Amino acid sequence: MHEVVHSRLEKLWETPHTLYGKLSSVDHKTIGKRYLVTAMAFLLVGGIEALFMRLQLSRANMQLFSPEAYNQLFTMHGVTLIFWYAAPILSGFGNYLVPLMLGSRDMALPRLNAFSYWTFLFSGIFLYGGMVIGQAPHAGWFAYAPYTDKPFSPALGMDFYALALIFLTISTTVGAVNFLVTIFRLRAPGMTLSRMPLFMYSTGTTSMLSVLALPSLTAACIALELERNWGFHFFDAARGGSPLLWQHFFWFFGHPWVYVIFLPATGMISMIIPVMARRPIAGYNYVALATVMTGVIGMGVWVHHMFATGMSQVAMSFFAAASMTISVFSTIQVFAWLATLWHGRLVITTATRFAVGFIAVFIIGGLNGVITGFIPFDWQLTDTYFVVAHIHYVLIGTNLFPVMAAFYYWLPKMTGRLMNERAGQWSFWLMFVGFNLGFLPMHILGLMGMPRRIYTYPAGMGWSVVNLIVTIGAYLLAFGLLVSIVNILVSIRRGAPAGPNPWASDGLEWSMPSPPPVYAFERIPTVASRHPLWDEHDEFADPYDERRLDHVRCTVATTALDAAPVALSKMPEDTLMPLLLALLLTGVFTAVLLKTLVIALVVVGLCLLTTAAWLWPEAEKHA
């Protein structure tokens, strides 16, 4: 019977192993792996740009790059890692794991999922197209006005910046909506909100933050394009605009984006540590609440980045208080992880090391973040390397270490092969020592008065030795990362077989073979606790007639709160429409860049026709 059901499901869900199949696939596992590979490629590119920058700053009066070339490297490094690596890498894990953790066969909107990936890919190619033709942006990842206006940035670099970010926000927004619908409507029967994996709370919170905050970035970039090319004056003080308007737009998005970058990472740590400690996480309810409250309070902290702009003291005091308050919720999570480790029977693996290393980095980044929340202290250090140290601890350290832990923990599920533990240990220690050697001394540079955003510095300032240490640390970090990348590539082909559940985990994703079959679950599970594989009373059974789930490409839809089964959710077939629509959008942005509005309007019309062709068959199916 099992073989018959398996054969039916495989026929329903299998993507053809052809070029058409590869381009048209809407399988969440395929899309998740594509996100991971593409985001890692952007990490390598952004990392190489950082290494060039560190060579320039390793000694006083170095002239490897001109000021303009350094500004372009500096900008592309920040934009690449913050926008095209840090959040998309978490989307990759989310796309692959969220349906499996929830007991679903796919994401709620598979075609939208594919469209999200293709727009992410093409937006990054669009951005780097500017660099290839010598038109890279140069105003920093924050792109403060009025430096971005035509008199100061006459080339196309800032147009590439603004249009690429608008393009990317389309991808991120539709991806966030997809995560929210999946988490609320495709949980396995019985998986109430109080039984959800903590990764769902972090992913759901960041998805809501994306939906609320990204329109601000989109509006800012549209306003920038209108000002640069069409005679508007949003940021021109001489004509009634305000440069501070850009900062409000940007940081209203930018500070929530910090939590988009690291909250899913904390969710992954909350999944890994209990398994390696062989006990449930301490304070599940508190960790879940702290995750959600971090997102809620995080929407009201953006002026934290603007204390030096001369605003009202009373107004700034409210945002300073919010900055202090938000640290409480991070502290709750840290103590929950430490209590789980302390009371558990710890299994030391590479994933464990990266998870514990993350806690150390997170504490350092959190503490120096609290310090910058003190307004007089911030005034002294806001334009120094102290802030560079803080941003790298918060945006890179609290993202990269959980990501590496997740690779060592979940890659065996994706590939069916274990990674080499000895190579993993070398990678961890090189990365941990290199990261702290590279960024901890930057606090000292900031206290010594070294300004940020400079391409070189004079001798005799006392900064050279510390900068050389920072550069050595950066190269150690890069070498450690390279060890893990090689480990991944070798393990995919020659790693030891992983089996279904090599870590004796409690999650639903470990209840199936490794790698999972294309349809994921042969039978949709019914969940009775937070730890389905650790508790004997959970069982795998279809809440609907079994024949209906192996004859139709579908999964079970449930209610938002108590996960009671209410319907079968039909899943669409593979299609090229998401790819085609993403290509047409690339054409739209290219036409706008070249100011050929007629062509842009024609391509917009083709986009609408493609969307109609995409949606029409589905409307007929559900009619």
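For the purpose of sorting cavity linings, Ala, Val, Leu, Ile, Met, Phe, Trp, Tyr, Cys and Pro count as nonpolar, Asp, Glu, Lys and Arg as charged, and the others, Gly among them, as polar. With that scheme in hand, the enclosed spaces of this predicted model can be taken in turn. Two cavities of 30 Å³ or more are found in the structure.

The largest cavity holds about 280 Å³ of space. Its lining is made up of 25 residues, and those nearest the centre of the cavity are A87, S91, T172, F179 and V260. Several helical elements give two or more residues to this lining, namely α4 (67–102), α5 (110–132), α6 (157–185), α7 (198–229) and α8 (243–277). Of the contributors, α6 provides the largest share, with seven residues. Sorted by class, the lining of the largest cavity has 12 nonpolar and 13 polar residues, and no charged ones.

The second largest cavity offers about 30 Å³ of space. Here the lining can be listed in full: I272, I273, M276, L341, L346, T352, A355 and V356. At least two of these lining residues come from α8, and at least two from α11 (350–372). Helix α8 is thus a name to look for at both sites, as it also appears among the elements that line the largest cavity. In the second largest cavity, seven lining residues are nonpolar, one is polar and none is charged. The polar one is T352, because Thr is not among the residue types counted as nonpolar or charged.

Definitions and conventions: Residues are numbered from 1 along each chain as its sequence is written. This is a predicted model: local features need pLDDT of at least 70, side-chain atom pairs count only at pLDDT 80 or more; totals for chains, interfaces and linings use all residues. Side-chain values use heavy atoms; hydrogens and water are left out. On a 1 Å grid over the protein atoms alone, a cavity is a set of points where a 1.4 Å probe fits but cannot get out, and a pocket is an open set with protein on both sides within 12 Å along at least five of seven lines; lining residues have an atom within 4 Å of a point. Grid points are joined across faces, edges and corners, and a volume is the space filled by probe spheres set on the points. Helices (H or I, at least four residues) and strands (E, at least two) are DSSP runs, numbered from the N terminus.
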